[in-house]
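This report goes through selected local features of one structure, beginning with its aromatic rings and then turning to its helices and to a few residues in and between them. The sequence and the structure are shown here.

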Amino acid sequence: MNPLDRRILALAIPALATLVAEPLLVVADTVIVGMLGVAELAGLTIASSVLGVVVGLCIFLAYGTTATVSRRLGAGDRAGAIQGGMDGMVLGAVVGVALALGLAALAGPVLSLYGATEAATAHATTYLRIVAAGVPAQLVILASTGVLRGLQDTRTPLYVVIGIATLNVALNILFVFGLSLGIGGAALGTAISQWIGAAILTAVVLRGGGREGVRLRFAPAGVLSQARLGGWLVLRSAALHAALVVTTYAAAGLGEASLAAHQAANSLWMVAVFAMDALAIAAQALVGLSLGGGDVASSRGILRRVLVWGVGFGAVLGLALVLASPVLPSAFSDDGAVHSVLRLTLPVLAVLLPVGAITYMYDGVLIGAGDARYLALAGIVSTVVYVPFALAVRGSGAGLPWLWAAYGVWLVARGITLWWRMRGEAWARTGA
């Protein structure tokens, strides 16, 4: 194994476990809530969709801080790197409080837009209003994780996430079944776990800053700088999550069984995507470090290697999904209609995984390069191309497998736009 591969894997393997732990929390919630009934599981589907959009739009707190910190580190300014990361954490806390209040107030009207059944919408509203309390903690976790990734440390977030994931499952079981709190118990357990994780990661970053003479403070100029940096990344995430919302909207029009099956399929997809995204995160940190030091050639070398690893990993995950497809549906629901839809859908997901890997690797390199504007524009174009396909599936009632096949159109469109960018040199800006 060459030195570059070792560097990639040294960052990617801990990041893999960290990333997989987050969607596994969703899988755990899905399994636990699925035991309550189909209406509860359908409600979790649309509540998770809204929460995913809100938190996903704030992913710039992780990606932006990773790029900022790694570039400054590559330029030799470690103290400045940590300070930039702390500014991102403050921004995350402020934005998180505002979003939590908005979600709690608007949960009912927003969820009703999905057009799900009355029972499913009621359960979704209960879940979203309670889990909203953990949103500020989620955003602080995103920003602090970005700081540590930029410092080339993916192990510390791993240890913290494993701890809070284990705690989350235990609390959810206690609240849902032990205290009979229903779907609200699952939301409460998740929120508590997130606050504990945020407190631990904040302490880690503050300790590292103290060694460099950097203190956590509200620095308006730095916070606004992080906000401007994240603006294009917000648009990028908005375009990406618009595609996911349209997918959930289309699934809601296919019936309650298909909507419940979509929650299970989407949970598994996100586990696989987050697993592959570990390589993209390694690319972010390494490309930012290389470009910060003025080395463009190394950045292209990093892209080539993560593409090889990503496509191979995607193919392995796809094969595993196909082999497990006969037994996986029963883990999510005891409803026969849900089983039938899910068994037909999983092979489609398996085919899409290697295709998606290419898109995610290009995305990671361009985020590390700070090419947020192009990423936003490419995401908007890809989503505009995809939307008619998703709506056609809903209108025709073609079924959930066809909806996921349509989602493949989005993956291909996005991959082509990012590949086109990488052919030139405009993305490869050097310096801190």
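## Aromatic pairs

In this predicted model, the count of aromatic pairs comes to 6. One of them is formed by Y386 and Y407, whose ring centres are 5.8 Å apart and whose planes make an angle of 85 degrees, an edge-to-face arrangement. This pair links distant parts of the chain, since Y386 belongs to helix α14 (residues 372-396) and Y407 to helix α15 (residues 400-422), with their positions 21 residues apart in the numbering. Both partners are buried: Y386 has a relative accessible area of 0%, and Y407 has one of 4%.

The rings of W419 and W420 are also paired, with a distance of 6.0 Å between centres and an angle of 65 degrees between planes; because an angle over 60 degrees counts as edge-to-face, this pair is edge-to-face as well. Its surroundings can be described through accessibility, for W419 is partly exposed at 40%, whereas W420, at 54%, is exposed.

## An aromatic cluster and two charges over rings

Y386 and Y407 also take part in one aromatic cluster, which is formed by W269, Y386, W404, Y407 and W410.

Which residues place a charge over an aromatic ring? R394 lies over the face of Y249, at a distance of 3.9 Å from the ring centre. In a second case, the charged end of R423 sits over the ring of W419, 5.4 Å from the centre of that ring; W419 is therefore involved both in this arrangement and in the edge-to-face pair with W420.

## Packing of α6 and α8

Two packed helices are described by the angle between their axes and the distance between those axes. For helix α6 (residues 135-150) and helix α8 (residues 183-211), the angle is about 35 degrees and the axes are 8 Å apart, and the crossing is left-handed. On the side of α6 the contact is made by V135, P136, A137, Q138, V140, I141, S144, T145, V147 and L148, and on the side of α8 by Q194, W195, G197, A198, L201, T202, V204 and V205.

Helix α8 also contains G210, which is partly exposed with a relative accessible area of 32%. The C-alpha atom of G210 lies 9.7 Å from that of A79, although these two residues are 131 residues apart along the chain.

## Helix α7 and the residue S180

How does the span of α7 compare with the value expected at 1.5 Å a residue? For its 24 residues the expected span is 34 Å, and the end C-alpha atoms are 34 Å apart, so the two values agree. The buried residues of α7 are T156, P157, L158, V160, V161, I164, A165, N168, L171, N172, F175 and V176. As a general point, an α-helix has 3.6 residues a turn, so residues three or four places apart point the same way.

Just after α7 comes S180, with a positive phi of about 55 degrees, a sign that is noted here in a residue other than glycine. S180 is found in the loop between α7 (155-178) and α8, and it counts as exposed because its relative accessibility is 59%, where the cut-off for exposed is over 50%.

## Helix α3 and the loop glycine G294

Helix α3 (residues 60-74) has 15 residues, which should span 21 Å at 1.5 Å a residue, and this agrees with the 20 Å between its end C-alpha atoms. Of these 15 residues, 13 are buried, so α3 is largely enclosed by the rest of the structure.

G294 is placed in the loop between α10 (256-292) and α11 (296-324), and at 44% relative accessibility it counts as partly exposed. The C-alpha atoms of G294 and G74 are separated by 8.6 Å, while the two residues are 220 residues apart along the chain.

## G108 in helix α4

Is G108 buried or exposed? With a relative accessibility of 18%, G108 counts as buried, because the cut-off for buried is under 20%. This glycine is placed in helix α4 (residues 78-112).

Leaving aside neighbours within four places in sequence, G108 is in contact with T125 and R129. The C-alpha atoms of G108 and L128, which are 20 residues apart along the chain, are separated by 9.0 Å.

Conventions. Residues numbered from 1 in each chain as written. Predicted model: local features only at pLDDT ≥ 70, side-chain atom pairs only at ≥ 80, totals over all residues. Heavy atoms only, no water. Helix = DSSP H or I, 4+ residues; strand = E, 2+ residues; numbered from the N terminus. Buried < 20%, exposed > 50% of the residue type's maximum accessible area, 1.4 Å probe, protein only. Expected span 1.5 Å × (residues − 1). Phe/Tyr/Trp six-rings, centres within 6.5 Å; stacked < 30°, edge-to-face > 60°. Lys NZ or Arg CZ within 6 Å of the ring centre and 35° of its normal. Contact = heavy atoms within 4.5 Å. Axes fitted to C-alpha atoms, helices over the stretch in contact; angles between N-to-C directions. Left-handed = near helix turned anticlockwise from the far one by under 90°.
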